[in-house]
Amino acid sequence: MSTLEPERGTGTGTLVEPTPQTSHGDGDHERFAHYVQKDKIMASALDGTPVVALCGKVWVPGRDPKKYPVCPMCKEIYESMSGGGAEGKGGDKK
């Protein structure tokens, strides 16, 4: 049975669609500095291709990473990698 049709014997039916969550701000409250391979950052700076952070976020870097806190998921993944734990080894921030 379709959700658009009312059930028999219950009167009329109403279809209620969920309201999507939208943000009208610039998103600073959700921004983090992410760990990405340094060569990927350099390639992105040259040709504008998106990069993929350790946490899986895909974006084209364009802001100063020093202005944002480090992504907790990226930090956890980076520290669990062999040789991780110190910034600058094996990865770079956005």
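# Side-chain contacts and core of a predicted model

Lys57 is placed over the face of Trp59, 5.4 Å from the ring centre. The structure is a predicted model, and the values below are to be read accordingly.

**Overall architecture**

The protein chain contains two helices and four strands. Read from the N terminus, its elements follow the order β-α-β-β-α-β. Of its 94 residues, 19% count as buried. The chain exposes about 7,300 Å², and carbon and sulfur atoms supply 53% of that area. Among contacts with a separation of 6 or more, 46% are made by residues 24 or more positions apart.

**Nonpolar core**

Trp59, the residue whose face Lys57 covers, also belongs to the largest nonpolar core. This core has nine residues; besides Trp59 they are Tyr35, Val36, Ile41, Val51, Ala53, Cys71, Cys74 and Tyr78. Two or more of the core residues come from each of the elements β1 (35-36) and α2 (72-80). In soluble globular proteins, nonpolar side chains tend to be buried together.

Cys74 is one of the core residues. With residues up to four places away in sequence left out, Cys74 touches His34, Tyr35, Ala53, Leu54 and Cys55. Two of these partners, Tyr35 and Ala53, are themselves listed in the core.

**The aromatic pair**

The structure holds one aromatic pair. Its members are Tyr35 and Tyr78, which are stacked, with 4.6 Å centre to centre and 15° between the planes. The pair links distant parts of the chain, since Tyr35 lies in strand β1 and Tyr78 in helix α2, 43 residues apart. Tyr35 has a relative accessible area of 4% and is therefore buried. Tyr78 is likewise buried, with a relative accessible area of 4%. Both tyrosines are members of the largest nonpolar core.

**Helix α1 and Thr49**

Ser44 is located in helix α1 (residues 38-47). It counts as buried because its relative accessible area is 4%, and the cut-off for that class is under 20%. Leaving aside neighbours within four places in sequence, Ser44 is in contact with Thr49, Val51, Val60 and Pro61. Of these partners, Val51 is also a core residue. Thr49 receives a polar contact as well: the Ser44 side chain reaches the backbone oxygen of Thr49 at 2.7 Å.

Asp47 is also found in helix α1. Its relative accessible area is 52%, so Asp47 is exposed; the threshold for that class is over 50%. The side chain of Asp47 is joined to the side chain of Thr49 by a polar contact of 3.0 Å. Thr49 is thus approached through its backbone oxygen by Ser44 and through its side chain by Asp47.

**The loop before helix α2**

Asp64 sits in the loop between β3 (58-59) and α2. Asp64 counts as partly exposed because its relative accessibility is 36%. Its side chain reaches the backbone nitrogen of Lys66 at 3.1 Å. Asp64 and Ala33 are 31 residues apart in sequence, while their C-alpha atoms are 8.5 Å apart in space.

**Polar contacts of the residues discussed**

| Side chain | Partner | Distance |
|---|---|---|
| Ser44 | Thr49, backbone oxygen | 2.7 Å |
| Asp47 | Thr49, side chain | 3.0 Å |
| Asp64 | Lys66, backbone nitrogen | 3.1 Å |

How values were computed:
Residues are numbered from 1 along each chain as its sequence is written. This is a predicted model: local features need pLDDT of at least 70, side-chain atom pairs count only at pLDDT 80 or more; totals for chains, interfaces and linings use all residues. Side-chain values use heavy atoms; hydrogens and water are left out. A nonpolar core is a set of buried Ala, Val, Leu, Ile, Met, Phe, Trp, Tyr and Cys residues joined through side-chain atoms within 4.5 Å. Buried means under 20% relative accessible area, exposed over 50%, partly exposed in between (1.4 Å probe, protein chains only). Contact means heavy atoms within 4.5 Å. A polar contact is a pair of N or O atoms within 3.5 Å; within protein, one must be able to donate a hydrogen and the other to accept it, and residues adjacent in sequence count only if both atoms are side-chain atoms. Accessible areas come from the Shrake-Rupley method with a 1.4 Å probe; for residues, only the protein chains shown count as cover. Rings of Phe, Tyr and Trp (its six-membered ring) pair if their centres lie within 6.5 Å; planes under 30 degrees apart count as stacked, over 60 as edge-to-face and the rest as tilted. A charge sits over a ring if NZ of Lys or CZ of Arg is within 6 Å of the ring centre and within 35 degrees of the ring normal.
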